[in-house]
Amino acid sequence: MPSSLEILVFLPILAALAIGFGAPARFTAIGAAIINLGIGLVAAKSYNVNIEGGAVFQLESSRVLLESPKLALAFGVDGMSLILMLLTVIVTLAAVWASPAESKIKGSPKLYYISSLLIAAGALGAFLSTDLFFLYAFHELALIPTFLMIGMYGHGKNRKRTAWTITIYLGVGSLILLAGLIALFVNIGQNDTFSIAEMIVRAQDSETMIPEATQSWIYLLLLVGFGVLVSLFPFHSWAPDAYADAPTPISMLHAGVLKKFGLYGLIRIAGPMLPAGAEKWMNLVLVLLLGNIIILGLVTIAQKRLDRMIGMSSVMHMGYVFLGVVAGGTIGISGAVLLMFAHGVSIALLFALAGSLRERFGSLEFDKLGGGLGKLVPKLGLLFGFAAFASIGLPGFANFAAEVMIFFGAFQPMEANAPLSFLQWAAIISLWGVVISAVYMLRAFRKIFKGPLTTTETPKDMSWNERVPALLLIVSLMLVGFYPEILLKYLRPALESLTLIGS
Amino acid sequence: MPVYYLEIIVVVLGLVMLMADAFVKLEDKRNIAWFAVLVLSVVFLLLFKVSWPESTEGSPFWKFYDAEKGSRGFSLFFKGIAVLTTIIVLIMSAEFRGVLLKYTAKPEDGAHPQSGLSEFFTLPVFACAGLMWMASANNLASIFVSLEAVTITFYILVAYMRRNVGSLEAGVKYLILGALSTGFLVYGFTWLFGVTGTMDLAGIKEQLALDSVNVTAALFAFALIIVALGFKVGAAPFQNWIPDVYQGAPTPITAFLSVASKAAGFIVLLRISGCFFGSGDLSEKVGAVFVVLAILTLLFGNLAALPQTNFKRLLAYSSIAHAGFLLMALASPITLVADGKEPPLLDTSIGVIAFYLGAYLLMTLLAFLVMTAVRNQQEDDSLEGYAGLAKRSPFLAFSLLVSMASLAGVPLTAGFFGKFFVFKLAIQNGACGWLIAAGVIGAAAGFYYYFKVIASMFWNAPAEGNDGPIPVSMPAKVVMVLLIIAIFAVGIVPNLILGLIK
Amino acid sequence: METELTLNHFLFVSGLLFAIGLAGVLLRRNLIVIFMCLELMLSAANLSLVAFSRFNTTDGVPNYDGQVLLFFIITVAAAEVAVGLAIIVALFRSRETTDVSDVTSMKG
């Protein structure tokens with residue numbers, strides 16, 4: 001009997017297979033996504049938040065595939081993976097629902113939905129695996145669907161080049177990551193286990209701990225590998241183009257969910273297994289994340305196309321999550337995880353709405369869109385406003401709660417009357433990023449939806465097929481925004497155990 | 001049943017096929033191929049049932065045929081690779097007959113319309129017997145004879161389409177370079193015999209481990225042998241015959257060459273280099289040679305594949321690239337466990353190489369099956385000829401997608417585990433950083449040229465003239481589906497292959 | 001002055017034969033000549049095999065293993081020639097040439 005987490009991972013794959021063999025594409029995909037959302041919520045409900053420390057993963061299942069070295073198809077959740085799992089099922093449902101109807105897809109509609117489902121399955125598998133090997137392997141499941149989707153259904157003349165860029169970038173990034181993970185396996189797993197829980201225990205046991213020099217170079221490999229996946233400055237250049245040119249559901253899934261894998265890996269693997277390495281490279285990470293927030297923030301302001309701007313902004317916001325990761329501690333990590341959720345939902349919402357705009361007006365260039373569209377499509381305008389506010393981080397949305405926690409986290413280790421450390425200076429500089437994102441988001445909103453109307457087209461306002469996913473995302477954002485405890489309670493036992501922070 | 005009966009059955013099968021062609025009137029000569037497929041499938045199942053002698057003392061036969069406990073599993077595994085490849089190649093050949101007959105039979109001269117077909121089915125069976133023997137050969141003489149049995153058969157098969165310029169040219173090139181490598185091999189064997197005074201690999205290993213051994217002469221012998229075997233497996237800098245021969249040979253034979261011949265080359269390489277890894281002084285130098293070969297092969301195979309536009313040629317370079325990964329496994333020094341226990345399979349070069357070859361068989365044969373089906377419809381082997389394959393035949397496109405993904409090493413496919421184990425072995429044994437870097441560069445380049453095929457199939461519209469649907473015969477379809485399932489199954493449960501090596 | 005024939009003498013001649021054969025394969029353009037040179041290389045191996053076998057004695061008996069391999073080599077070489085010449089003849093029929101520089105239709 002498969003466990004609930006196994007069903008969660010394999011249901012999208014089965015649905016994709018069914019579509020391949022002729023099941024109605026949209027119906028099957030949405031059905032699978034709804035069932036998955038249900039399973040995800042039930043799993044969250046059955047997660048025991050009151051366990052005192054020690055308990056590492058819950059709802060575990062494991063099928064041993066190889067005895068020596070021990071390799072198992074093992075799933076389990078702790079607070080962090082649970083939150084990311086919820087993010088995935090929510091965004092998947094929204095992305096599949098926001099996909100165009102079968103008749104509107106030029107080319108094979110089957111492939112379109114199959115790709116989205118496979119990307120979702122890959123993300124779920126990566127977040128839920130408690131085995132280092134499958135954590136990596138599942139993430140790569142998205143590689144080919146992304147490549148095919150951007151090349152076949154993408155927007156714009158450059159879509160083929162974009163597809164190549166993202167594939168080569170991510171391919172090389174994951175190879176570097178793989179080298180780092182194998183080094184981890186050889187040094188910490190001592191060649192006999194891939195189990196993440198066991199490896200963390202060994203990494204923190206003073207007898208089996210690995211020397212600082214080794215930690216340092218492995219951490220660097222992981223940082224570059226995960227950094228490429230999460231578009232850390234200066235490895236970010238694949239992201240904005242890819243998100244801009246990809247079909248809407250792919251942008252939603254990639255920017256919203258899949259990209260979080262890099263951060264997830266850093267928090268889950270690099271942090272606890274290589275504490276000395278993390279310490280050593282902390283300043284480098286701080287410099288790079290400032291690059292994300294400030295340099296890329298300014299680049300975002302200069303964008304002339306809405307989709308590129310959203311793509312850039314999603315890259316920029318990764319800097320805050322990094323800040324939370326570097327700050328560490330209960331508050332910093334909680335903030336980082338919460339921001340991953342909030343950012344994932346809000347960016348998916350922005351891409352969905354941008355997709356609706358593109359479908360109506362054919363282009364997303366600010367100049368061509370003109371202004372005053374709020375009068376033509378008031379509901380779209382309203383929702384876009386919500387999404388923009390959420391992305392900036394206004395109170396009431398999950399992003400606000402998360403960013404505040406991250407900034408507090410950065411100041412938490414500070415002693416009274418001590419001079420500011422580099423971490424705190426970085427946090428202070430990053431605060432300006434909030435201003436930058438307010439500038440570009442509000443400017444875009446004003447340019448597109450306010451002012452005099454210039455276009456002569458008279459499109460319909462949002463259909464229900466567009467409204468449902470948008471509302472789903474907004475409700476989740478506001479729910480968490482007003483009541484962050486709904487997610488934070490899951491993090492608590494994990495934070496106290498070894499999985500996240502270490503002893 | 002004694003294990004050597006298998007080779008006997010296969011040889012007898014070949015003879016029966018020749019007789020059948022001469023004395024039985026057949027409407028459709030493909031029946032000969034189906035018969036062979038049937039018998040070989042039985043042989044494949046019999047691999048699980050064979051028995052080994054209790055003692056090999058004093059029997060002259062077992063001086064030529066390996067019966068050592070430690071290597072029995074590998075012998076059987078490589079025999080299995082040979083048989084399975086032959087089965088699939090025969091099915092491919094039956095599919096390929098239309099193209100083949102165009103360049104062999106000349107009905108207007110009064111020849112039988114299917115003349116030459118049955119020999120095309122028979123020769124791979126003889127090659128298979130040679131390959132199976134090679135998997136067990138443990139004596140320089142038997143290695144030489146089995147290797148030549150295979151090579152000479154391949155000379156004929158490569159040049160088989162004698163009215164096709166490409167095939168003939170490929171045959172001539174393969175002939176000259178194959179014979180050249182034979183010359184090196186024999187001369188190397190001679191010196192190895194001169195240095196050690198014995199033909200037995202076990203004896204050679206013993207002698208080479210002695211302090212009294214003449215290291216210079218032993219290294220000279222090794223150099224000659226490595227040149228010869230480098231030719232066979234396609235290691236740079238001895239690889240330059242591969243692209244031309246692969247491109248010119250009939251497609252099923254290209255598949256046969258790239259899988260079975262490579263596997264056989266590697267088992268001989270493993271066995272012979274195993275002799276040299278016995279002593280410290282020699283093994284260090286021999287290891288260094290392998291590191292250099294591996295780096296060159298990885299870089300050459302992968303980088304030269306990047307600009308290729310002919311699909312068959314691309315696969316030729318890819319086969320060089322994979323030889324590079326296999327050499328990388330060979331170049332990572334073999335771990336020796338202190339307490340004398342057998343090391344786990346995946347910590348040894350031979351275990352990793354066996355797994356890699358098993359995975360390589362699945363994905364390469366799948367690619368060639370698709371290529372055969374496409375070749376039936378069009379002359380064009382170039383990548384443009386595969387444009388829009390997703391529209392012409394979604395099934396073939398999906399098959400090729402799986403095969404390319406696996407060759408590129410996308411996780412959850414068999415090919416990924418192959419590369420993964422190679423890298424794991426290299427990192428775990430502290431292989432030199434340049435080797436690992438070359439491996440990473442090679443794998444990254446692989447993403448590009450394999451994905452190029454995928455892009456051509458899915459992104460582009462079919463080219464003018466090459467846009468009709470592509471029929472696939474039932475047996476080929478069944479084999480393809482089985483291969484696809486196997487690729488994913490092994491990609492999740494590697495034990496499916498590892499369990500066979502016992 | 002009389003000198004005894006030693007192993008080294010045989011090895012020297014065999015090495016010379018091998019080198020001549022190899023040089024011929026690399027330098028000559030005519031397929032038939034190349035093929036003959038290849039046979040020369042095999043003969044070189046044969047010579048040294050016999051020599052090694054003759055000079056590697058136990059109790060005055062030569063090590064016959066080497067001479068066994070020699071017969072295998074001769075047989076295999078014969079088979080190789082049979083197949084090889086057939087291919088070269090087929091090439092000559094279709095291309096009217098035995099020059100290797102004409103066998104270059106594939107590039108890349």
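The expected span of a helix is 1.5 Å times one less than its number of residues. Keep that rule at hand for the first stop. The model on screen is predicted.

**Stop 1: helix 19 of chain A**

Select residues 378–392 of chain A, which form helix 19. From its first C-alpha to its last, this 15-residue helix reaches 21 Å, close to the 21 Å expected at 1.5 Å a residue. Now show the surroundings. Helix 19 of chain A is largely enclosed by the rest of the structure, because 11 of its 15 residues are buried. Among the buried residues are A:Leu380, A:Leu383, A:Phe384, A:Phe386, A:Phe389 and A:Ile392. A:Gly381 and A:Ser391 are also on the buried list.

Which helices cover the buried residues of helix 19 of chain A? Add helix 15 (306–327), helix 16 (329–361) and helix 18 (373–376) of chain A to the selection, then helix 20 (398–411), helix 21 (422–449) and helix 22 (464–482) of chain A; the cover includes these elements. Before leaving, click on A:Gly393, just after helix 19 of chain A, where phi is positive at about 100°.

**Stop 2: the loop between helix 9 and helix 10 of chain A**

Go to the loop that runs between helix 9 (212–229) and helix 10 (239–245) of chain A, and pick A:Pro234. The peptide bond leading into A:Pro234 from A:Phe233 is cis, with omega near 0°. A:Ser231 sits in the loop between helix 9 and helix 10 of chain A as well. A:Ser231 is not a glycine, yet its phi is positive, about 55°. Is A:Ser231 buried or exposed? With 28 other C-beta atoms within 10 Å, A:Ser231 is buried, since 20 or more such atoms place a residue in that class.

**Stop 3: two loops of chain B**

In chain B, select the loop between helix 8 (215–233) and helix 9 (242–248), where B:Pro237 is found. A cis peptide bond links B:Ala236 to B:Pro237, with omega about 5°.

Next, move to the loop between helix 15 (394–408) and helix 16 (414–428) of chain B and pick B:Leu412. Phi of B:Leu412 is positive, near 75°, in a residue other than glycine. B:Leu412 has 20 other C-beta atoms within 10 Å and is therefore buried.

**Stop 4: a hairpin in chain A**

Return to chain A and select strand 1 (residues 58–66) with strand 2 (residues 71–77); they pair in the antiparallel sense over six bridges. Four residues make up the hairpin connection from strand 1 to strand 2 of chain A. For one facing pair, label A:Leu66 and A:Leu71: A:Leu66 stands opposite A:Leu71 in strand 2 of chain A.

**Stop 5: where chain A meets chain B**

Colour by chain and look at the contact between chains A and B. The contact takes 26 residues from chain A and 25 residues from chain B. On the chain A side, strand 1, helix 5 (132–139), helix 6 (143–153) and helix 7 (159–187) each supply at least two residues. Helix 7 of chain A gives the most, with 10 residues. By type, the residues on the side of chain A that touches chain B divide into 19 nonpolar, five polar and two charged.

Which of the two pairs of touching chains has the most contacts? Chains B and C have the most. Chains A and C do not touch, and their nearest C-alpha atoms are 24 Å apart.

**Stop 6: chain C**

Hide chains A and B. Chain C has three helices and two strands, which run α-α-β-β-α from the N terminus on. Its C-alpha atoms fill a box of roughly 60 × 30 × 30 Å along the principal axes. The radius of gyration of chain C is 18 Å, whereas a compact globule of 108 residues would have one near 13 Å. Of the 108 residues of chain C, 33% count as buried. Among contacts in chain C between residues at least 6 apart in sequence, 49% join residues at least 24 apart.

End at C:Val33, in helix 2 (residues 31–55) of chain C. C:Val33 counts as partly exposed because it has 15 C-beta neighbours inside 10 Å. Leaving aside neighbours within four places in sequence, C:Val33 is in contact with C:Gly24 and C:Arg28. Draw a distance from C:Val33 to C:Thr98: the two are 65 residues apart in sequence and 9.6 Å apart in space, C-alpha to C-alpha.

Technical notes. Residues are numbered from 1 along each chain as its sequence is written. Chains are lettered from A and ligands numbered from 1 in the order in which they are written. This is a predicted model: local features need pLDDT of at least 70, side-chain atom pairs count only at pLDDT 80 or more; totals for chains, interfaces and linings use all residues. Two strands pair if DSSP finds at least two bridges between them. A residue is buried if 20 or more other C-beta atoms lie within 10 Å of its own, exposed if 12 or fewer, and partly exposed in between; C-beta atoms are placed from the backbone. Two residues are in contact if their C-beta atoms, placed from the backbone, lie within 7 Å. Ala, Val, Leu, Ile, Met, Phe, Trp, Tyr, Cys and Pro count as nonpolar, Asp, Glu, Lys and Arg as charged, and the others, Gly among them, as polar. The radius of gyration is taken over C-alpha atoms; the globule rule is 2.2 Å times the number of residues to the power 0.38.
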